[in-house]
Amino acid sequence: MKAVRFHEHGGPEVLRFEDAPDPAPAPGRAIVRVRACALNHLDLWERRGLDRVKLPLPHISGSDVSGEVLDPGDSGLPAGQRVMLQPGLRCGKCAACAAGRDNQCVQYDVLGLRSDGGYAELIAVPLENLIPIPPSVDFITAAFPLTFLTAWHMLVTRAAVQPGEIVLVLAGGSGVGQAAIQLARHFGARVFATAAPAKADRTRALGAEHVFDHYAGDFARELRALTGGRGADIVIEHVGEATWDRSVRALASGGRLVICGATTGHAAAVDLRHLFARQLSLLGSYMGRFAELVAAAPLLFDGRVSPVIDEVFPLARAADAQRRLEAREQFGKIVLEM
Ligand SMILES: [Zn+2]
């Protein structure tokens, strides 16, 4: 098969479009012909090299995958079935898996992290990772499971969003940001967002009633002014160091900040007086659970939440696609199509 792999860590130039071995059939696994794979910041971290995770090299990235089942194994699905892939890989045996908290599995992995991912014509996955998609959903729309699941886990499971609450979404034009804006609106929240000025209009169009410039100004103070002094009941963070201080200060009394990434850096400080006196909750979030994606998928399938697609690249141009993500030029998802 053709795949995009890197044999050493580095810049986008280490990505090679080349021949790679087809994944071998194995019990309990299916082989899927990849039709679309969306990019995530995780792909960039993998390519640059991670502090705590040693990747097997050469490596194939890609966690947001849709395609057609080529070899269904014992799944009971017909060959040719259109699917999206659960992005999480779990052992199914540990206490966390037994309790349904599989994203805390002791052996938890993500497609394209320690295993090979979707920057390829073929991918092998456990049978339980196949989620059939209806004919009305195209492959590019369906290449959204990781982003969508991440936003769902943050808003619904970690922050327990309620109707009428005020939700502030950082970087509303990113993949997670656009999913979070749409989900928060779906659950009846009032949504505010931050974005670069060039992305403000499109972010508002997704459902944010006001969009702050996250490069200039103090969105914490501006949000408070627009909400009668209240601030945000929930802040959806994934920018990290560059916005952390303002994100914490934007919280209302009793507010919850949920963070799933730190694309600008991971050093942060908290004024502990604010933390206890205002009874804030700072919540970490990583991926989401199998059952959550199954529960949330109908929203994606019937279009109540739909990904905004920035640009579609052929697989051979994965390096250019990553350059675009790295430059933060995108609005919505960047997708590779095979
Ligand atoms: Zn487990």
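**Entry 1: Ala171**

I began at Ala171, which sits in the loop between strand S10 (166-169) and H5. The model I am reading is a predicted one. I looked up the backbone of Ala171 and found a positive phi of about 50 degrees, although Ala171 is not a glycine. Is Ala171 buried or exposed? Ala171 is buried, with a relative accessible area of 13%.

**Entry 2: Arg328 and helix H11**

I then turned to Arg328. Its phi is near 55 degrees, again a positive value in a residue other than glycine. Arg328 lies in the loop between helix H11 (318-326) and strand S17 (333-337). The positive phi comes just after H11. At 35% relative accessibility, Arg328 counts as partly exposed. I noted the reason: the partly exposed class runs between 20% and 50%, so 35% falls inside it.

Next I checked H11 itself. Which residues of H11 are buried? They are Ala318, Ala319, Ala321, Gln322, Arg324 and Leu325. I also asked what covers them. The cover includes strand S1 (2-6), strand S2 (15-19), H1, strand S16 (309-314) and S17.

H1 deserved a separate look. The axes of H1 and H11 come within 10 Å and cross at roughly 110 degrees. That makes H1 roughly perpendicular to H11, because angles of 65 to 115 degrees are classed that way. On the H1 side, the contact is made by His41, Asp43, Leu44, Arg47 and Arg48. On the H11 side, it is made by Gln322, Leu325 and Glu326. Gln322 and Leu325 I had already listed among the buried residues of H11.

**Entry 3: a cis proline**

I followed the chain on from H1. Pro58 lies in the loop between helix H1 (41-48) and strand S4 (64-71). The peptide bond from Leu57 to Pro58 is cis. Its omega is near -5 degrees.

**Entry 4: the zinc site**

Which residues hold the zinc ion? I found Cys91, Cys94, Cys97 and Cys105, each coordinating through SG. The distances are 2.3 to 2.4 Å. In sequence, the donor residues are spaced C-x2-C-x2-C-x7-C.

I looked at the geometry next. The angles among the four donor atoms are 103 to 118 degrees, and the site is tetrahedral. For comparison, the ideal angle for four tetrahedral donors is 109.5 degrees.

I checked two of the cysteines for accessibility. Cys94 is buried, with a relative accessible area of 12%. Cys97 is buried too, at 10%.

**Entry 5: helix H4 and its partners**

I looked up two packings of H4. The first is with H5. Helix H4 (residues 145-158) and helix H5 (residues 175-186) pack at an angle of about 50 degrees, with their axes 8 Å apart. That makes H4 oblique to H5. The crossing is right-handed. From H4, the residues that meet H5 are Thr147, Phe148, Thr150, Ala151, Trp152, Met154 and Leu155. From H5, they are Gly175, Val176, Ala179, Ala180, Leu183 and Ala184.

The second packing is with helix H10 (residues 290-301). The axes of H4 and H10 come within 10 Å and cross at roughly 110 degrees. H4 is therefore roughly perpendicular to H10. Here H4 brings Pro145, Phe148, Leu149, Trp152, His153 and Thr157. H10 brings Glu292, Leu293, Ala296, Ala297, Leu299 and Leu300. I marked Phe148 and Trp152, which meet residues of H5 and also residues of H10.

**Entry 6: two buried strand residues**

I picked Ile31 in strand S3 (residues 29-38). Ile31 is buried, with a relative accessible area of 7%. What does Ile31 touch, leaving aside its neighbours within four places in sequence? It is in contact with Pro23, Ala24, Pro25, Glu68, Val69, Leu70, Asp71, Leu122, Ile123 and Ala124. I also looked up its separation from Ala79: 48 residues in sequence and 9.8 Å in space, C-alpha to C-alpha.

Ala232 came last. It is found in strand S13 (residues 232-237). Its relative accessibility is 0%, so it counts as buried. Beyond its neighbours within four places in sequence, Ala232 is in contact with Ile166, Leu168, Leu223, Ala250, Leu251, Ala252 and Gly255. Ala232 and Val270 are 38 residues apart in sequence and 17 Å apart in space, C-alpha to C-alpha.

Methods: Residues numbered from 1 in each chain as written. Predicted model: local features only at pLDDT ≥ 70, side-chain atom pairs only at ≥ 80, totals over all residues. Heavy atoms only, no water. Donors = N, O, S within 2.8 Å, 3.2 Å for Na, K, Ca; no water. Tetrahedral: all angles 85-135°; square planar, octahedral: opposite > 155°, others 65-115°. Buried < 20%, exposed > 50% of the residue type's maximum accessible area, 1.4 Å probe, protein only. Axes fitted to C-alpha atoms, helices over the stretch in contact; angles between N-to-C directions. Helix = DSSP H or I, 4+ residues; strand = E, 2+ residues; numbered from the N terminus. Parallel < 35°, antiparallel > 145°, perpendicular 65-115°, else oblique. Left-handed = near helix turned anticlockwise from the far one by under 90°. Contact = heavy atoms within 4.5 Å.
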